[in-house]
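Work through the exercises below with the sequence and the model open. Each task is followed by a solution in steps.

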Amino acid sequence: MSDLNHVAIILDGNRRWAKEHGLSGDSSVYKHGGLAIAPVVEAIYKSGAQCISLWVGSYSNLVNRSKILLKALDHAYEAKFNELADSETIREQQVKIEIIGEWRELLSESCVAAADRAIEATKNFAKRTLVILVGYDGVRERGAAVQKLLQQNSPTPSDILQAEQLLRSNSWTGHLPNVDLIIRTGAWQDPHNSAGFLGFLTTDSQYSFPPVLWPDLTKEMVSEICDDYLSRERRYGK
């Protein structure tokens, strides 16, 4: 039987879902996607995982999209961060909120303030962890780790032999546990990773590509995916 500690989700398909449902308003693009988060997270915690990472926006999402869509994204993030900061469920379940990526440089002041509220309100919780990846790019994370490492003392021959471990310890996500299972919506016809997603944590991860766009992912689907993972025997090359 496999262990399930850390589940990562790539929330893909919001805009396609809105288009299919005739929703043209900019706020509608992300409203329904936001509503899907809570039941999915609850189902994963019930499956035994202690850490969940949600990739809700890549670096390129926040740099390359139109100003109108960026404003809608920023508003959706701010609302969700404030919701997490005030959530009774988060407090009852002792969920620590972490927000990782280049969000401080890319989001509005009010959105950054809301993110800081969520982080501050949950910083002492230790039972579970919910990681929100915003303005995140795995390639940029690796580059930042290299830059941080080079700013320290010159590497020794011993350091070079342990380069990957050193890079991970200097990365944004290196303190998190390895990812056991990645769920990516909206990509079942083109299954793939993107932007080196959580590259330091996903060496042995397994993937699931449910045939739905993100807002249509249900807690029942997620429970089935997690149960299927837990029933597998993983040998890790042994």
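**Exercise 1. Find the neighbours of strand β1 and of strand β2.**

Step 1. Strand β1 (residues 6–10) and β2 are joined by five bridges and run parallel. Strands, like helices, are DSSP runs numbered from the N terminus: a strand is E over at least two residues, a helix is H or I over at least four. Two strands pair if DSSP finds at least two bridges between them. The model is predicted, so local features need pLDDT of at least 70 and side-chain atom pairs count only at pLDDT 80 or more, while totals for chains, interfaces and linings use all residues. Residues are numbered from 1 along each chain as its sequence is written, and side-chain values use heavy atoms, with hydrogens and water left out.

Step 2. Take Ile-10 as the marker residue. Its bridge partner in β2 is Trp-55, and its bridge partner in β5 is Arg-184.

Step 3. Four bridges join β1 to strand β5 (residues 181–184), and these strands also run parallel.

Step 4. Now turn to β2 (residues 51–58), which has seven bridges to β4, again in parallel. Cys-51 stands opposite Thr-129 of β4, and Ser-58 stands opposite Tyr-136 of β4.

**Exercise 2. Write down the strand order of the sheet and name its edges.**

Step 1. Add the pairing of β3 (residues 95–100) with β4: six bridges, parallel. Ile-97 has Leu-130 as its bridge partner in β4.

Step 2. The order is β3-β4-β2-β1-β5-β6, an open sheet of six strands with parallel pairing.

Step 3. The edges are β3 and β6 (206–208); each has a single partner strand, so one side of each is left without a neighbour in the sheet.

Step 4. On average, neighbouring strands of this sheet are turned by 20 degrees against each other, direction ignored. The axes behind this value are lines fitted to C-alpha atoms, for helices over the stretch in contact, and angles run from 0 to 180 degrees between N-to-C directions.

**Exercise 3. Are β2 and β4 covered or open to solvent probes?**

Step 1. Set the cut-offs: buried is under 20% relative accessible area, exposed is over 50%, and partly exposed lies in between (1.4 Å probe, protein chains only).

Step 2. In β2, seven of the eight residues are buried, so the strand is largely enclosed by the rest of the structure.

Step 3. In β4 (residues 128–136), nine of the nine residues are buried, and the strand is mostly covered.

**Exercise 4. Explain why Cys-51 is not in a disulfide.**

Step 1. A disulfide is a pair of cysteine sulfur atoms within 2.5 Å.

Step 2. The closest cysteine sulfur to that of Cys-51 belongs to Cys-226 and is 13 Å away, which is too far for a bond.

Step 3. The structure as a whole holds zero disulfides.

Step 4. For accessibility, Cys-51 is buried at 4%, and Cys-111 is buried at 0%.

**Exercise 5. Describe the largest pocket and its lining.**

Step 1. The search uses a 1 Å grid over the protein atoms alone. A pocket is an open set of points with protein on both sides within 12 Å along at least five of seven lines, whereas a cavity is a set where a 1.4 Å probe fits but cannot get out; lining residues have an atom within 4 Å of a point.

Step 2. The largest pocket holds about 1,100 Å³ of space. Volume here is the space filled by probe spheres set on the grid points, which are joined across faces, edges and corners.

Step 3. The lining counts 46 residues, and Leu-11, Gly-33, Gly-34, Ile-37 and Val-56 lie nearest the centre. Elements that give two or more residues include α1 (14–20), α2 (26–35), α3 (37–46), β2 and β4. The largest share, 10 residues, comes from α5.

Step 4. By type, the lining has 23 nonpolar, 14 polar and nine charged residues. Nonpolar covers Ala, Val, Leu, Ile, Met, Phe, Trp, Tyr, Cys and Pro; charged covers Asp, Glu, Lys and Arg; the others, Gly among them, are polar.

**Exercise 6. Compare Ala-195 and Leu-198 in backbone and accessibility.**

Step 1. Most residues other than glycine have a negative phi.

Step 2. Ala-195 has a positive phi near 50 degrees, and Leu-198 has a positive phi of about 45 degrees.

Step 3. The loop between β5 and β6 holds Ala-195 and also Leu-198.

Step 4. Ala-195 is partly exposed at 30% relative accessible area, whereas Leu-198 is buried at 0%.
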